[in-house]
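Notebook open, viewer loaded. I'm going through this one feature by feature and writing down what I look up.

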Amino acid sequence: MPKPEPHTHLDPQAHLVPRARWALAAVATGAFCVQLDSFALNLALPVVRDALHGSATATPWVVSGYLLAAGSLMPVAGRLGDLYGRRRMLTAGLALFGVTAVLCALAPSLPLLVTARVLQGAGGALIMPAGLALLTNAAPPGRGRRAMGRALGLAGLATVCGPFLGGVLARSVSWRAVFWLTVPLALAAALCARRAAESRDPDAGQSLDSVGAIAATGLAACLARWLEHAADWGWAVGAVLFGALFVRAERRSAAPLVDLALFRNHPYVALTVAGAVANSATVALLYVVPWTLQQAEGWSVLEAGVVFVAPAGALAVGGPLAGRVRPGAAVPVMALFLAAAAAALAATTRGTGTPALLMAATAAAAALGVAGGLALTGTQAVVRRERAGEASGVTKAVMTATAGVGLALTGAGTGVGTRPSLVLPAAVCLATAAALVIARVLGLPLVRGLPLVCGLPLIRGLALVRRPALVLGRALLLVRALLPVRRRADRRRASQRQASQRRSDRRGECRRQTDRSAAGQHHTDRRRTDRR
C-alpha cells in the first residue's frame, strides 16, 4: 500500500503553518458553498417554477444539471490540479462559482438559469478535488487528515441546513437570495486560496489525456442518470460504452487521466465504495426525516429546520472525528460506523413520536458523518501525495454519481400517498459493513467480500434489518469462528513452506558435498599425474 511521503521542511509535531491555515480556510469555505448550493433549492423549486414560468419537467434540471456537471467533471478537475497546480485550479473554480452564482441570481428565464447552474457545477467540480489535494499537500504530516476533517464538517453542516435555509429564503425573501448568499463567501475563499502554497505532481506531463477525460466524464454522467432512472437502459448502455473506452484509453496512454493501478489499491477501493454507500444513505436520511416531520407530523418548513439542528450538528461533527482516525484503522472504523448507522436508520422507522425520531436521526447522522468523512480523509492517506487530486476526484465522482440511489431506496416517487422508508438504506449499510469485515478477515478485496454477504442478508432483507443487534452479533460470531480456521491454515502453509525449505537445503548440502568430493578426487588424480 502506498505510503504518504513526508515533508522535509515541516516539523511533524507542528501545528498548521500559516499557508496551510489559508488553505484550510479556502477549502472549508469553498466546500460549504458547493454543498449549500447543492441542496438549497430542493424545497424552493416550486417557487422557482412559478417565478420563471417553467414546466414541471424542466424545473428539476435546476438541481440535476448542477449535480450532474459537478459529479461528472470531478475526475478531470482532480487531474487538472495535479498537472497545472491545485491552488490555481481551486482559485479558478471559486471564481467560476462566484460569477455563475451572480448569473443564477440575475437569470430572467428558466433555460438561462439551468445553463448557469451547469456552469456553476463545473466550478464546484474544480473546488472539491483540487481543494482536498491542496490541503493534503499543504498540511504537515499527521495534521492533514484533521484539517480535512474540519473542512468536511463545515460542508456537512451546509448539506443538512441547505434545504431548510433555501426554503426559508425562497418563501420569506426570494429564491435569488440563495445565490447572492454564496457570492461573498466564494470571493472570500478565493482570496484565502491565493495565500496558500502551490503544489502539483512533479512527475506529471504538461498535457491532459483528452480521450480519457471525455470517456470519464461520459461514464460518470451516464452512470448518474441511469442510477436515477433505472428503467432507462439507454443510460446503462452509454455507461458501458464509455467505460470500455475509458479503460482502453488509460491502458494505452503514457500519462493517463487515472492510473488504473489505483483500482488495485484495496483500502482505497473499500473506502470509496463504503463512502458512496454512506453518502447515499445520508441523502435518504435528509429526505425521509424532513418529509416525516412536515407531512406526517404537520410541521412547517421553519419548525422542521429548527428541530433538525441536532442531526445537523451531529453530521458536522462527524468530519472532524473522521480526521482523527489513523489510516491503518480507517476500514475497520468505517465498518463499525456503517453498522451503527444501519441500526440507527432502522430505528427511525420504528420510532414512536417526534423525540424518538429525532434521537434516531441524530445517531444516524453522526455515524454517517464519520463514514462519509473517512471516505475522503482515508483515501487521501493511502495514495501518493503527488496523485492526491486524481484520487480525490475519483472518490468524489463516485460518491456524487451514486447519491441518487439513496433516494430511490426510500421509495420516493413510487406512488401518491406512499410513505418513504429507511429500511433498504439501512440494509445496504449493514451489508457493506459486513462485507468490509469479512473481506478484511479473509484478506479479500471488497468486491469479493460483497457477494459473500449480499447473498444472504439482502435475500432475507427486512427481517434482518429489524434485528440489527442480532445480525451484528451473528456476524461477530462468524468472524470469531473464521479466525481460528484462518490461523490454522496459515500455520499449515507456513509449516509446509518450512519443510520444503529444509528439503531444499538438504538437497543443496548434498550437492555441495558431492562437488567437494569430486573436486578432491580430481585434485588427487592431478597430483598423481604430476609425479609421474
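Is Leu 430 buried or exposed? I looked it up: Leu 430 has a relative accessible area of 11%, so it counts as buried. Note to self before going on: this is a predicted model.

**Entry: Leu 430 and its contact along the chain**

Leu 430 belongs to helix H17. I then checked its C-alpha distance to Ala 341 and got 8.1 Å, with the two positions 89 residues apart along the chain.

**Entry: three alanines**

I did the same lookup for some alanines. Ala 105 is part of helix H4, residues 86-106. Its relative accessibility is 2%, so I put it down as buried. From the C-alpha of Ala 105 to that of Trp 175 I get 8.2 Å, and the two are 70 residues apart along the chain. Trp 175 comes back below.

Ala 361 sits in helix H14, which covers residues 354-381. It is buried, with a relative accessible area of 0%. Ala 310 is 51 residues away from Ala 361 along the chain, and their C-alpha atoms are 8.7 Å apart.

Ala 397 is in helix H15. At 6% relative accessibility it also goes under buried. Its partner in my notes is Ala 221: 176 residues apart in sequence, 9.6 Å apart C-alpha to C-alpha.

**Entry: second largest pocket**

Next I pulled up the second largest pocket. I have about 970 Å³ down for its volume. The lining is made of 33 residues, and those nearest the pocket centre are Leu 223, Val 273, Ala 276, Val 398 and Thr 402.

Which helix gives the most to this lining? H10 does, with 7 residues. The helices that supply at least two lining residues each include H8 (210-228), H9 (233-252), H10 (266-296) and H15 (388-401). H16 (403-409), H17 (423-442) and H18 (446-454) are also among them. So H15, the helix that holds Ala 397, and H17, the helix that holds Leu 430, both turn up again here.

I sorted the lining by class too: 28 nonpolar, 5 polar and no charged residues.

**Entry: cavities**

Searching the whole structure for cavities of 30 Å³ or more, I get 1. The largest cavity comes out at about 30 Å³. Its lining consists of Arg 79, Leu 83, Ser 207, Leu 208, Asp 209, Ala 255, Pro 256 and Leu 257. By class that is 5 nonpolar, 1 polar and 2 charged residues.

**Entry: aromatic pairs and a charge over a ring**

How many aromatic pairs are there? I count 2. In one of them, the ring centres of Trp 175 and Phe 179 are 6.2 Å apart and the planes meet at 90 degrees, so I log the pair as edge-to-face. Both Trp 175 and Phe 179 are buried.

The rings of Trp 226 and Trp 233 have centres 5.7 Å apart and planes at 45 degrees, so this pair is tilted. Trp 226 is partly exposed, at 23% relative accessible area. Trp 233 has 55% relative accessibility and therefore counts as exposed.

While on rings, I also checked for charges above them. The charged end of Arg 117 sits over the ring of Tyr 66, at 4.3 Å from the ring centre.

**Entry: cysteines**

The disulfide count is 0. I still looked up how accessible two cysteines are. Cys 104 is buried, at 0% relative accessible area. Cys 222 is buried as well, at 8%.

**Entry: a backbone oddity**

Last lookup: which phi does His 53 have? The phi of His 53 is positive, about 55 degrees, although the residue is not a glycine. His 53 is in the loop between helix H2 (45-52) and helix H3 (61-84). With a relative accessible area of 72%, His 53 is exposed.

How values were computed. Residues numbered from 1 in each chain as written. Predicted model: local features only at pLDDT ≥ 70, side-chain atom pairs only at ≥ 80, totals over all residues. Heavy atoms only, no water. 1 Å grid on protein atoms, 1.4 Å probe; cavity = no way out; pocket = protein on both sides within 12 Å on 5 of 7 lines; lining within 4 Å. Points joined across faces, edges and corners; volume = space filled by probe spheres on them. Nonpolar A, V, L, I, M, F, W, Y, C, P; charged D, E, K, R; others polar. Helix = DSSP H or I, 4+ residues; strand = E, 2+ residues; numbered from the N terminus. Buried < 20%, exposed > 50% of the residue type's maximum accessible area, 1.4 Å probe, protein only. Phe/Tyr/Trp six-rings, centres within 6.5 Å; stacked < 30°, edge-to-face > 60°. Lys NZ or Arg CZ within 6 Å of the ring centre and 35° of its normal. Disulfide = S-S within 2.5 Å.
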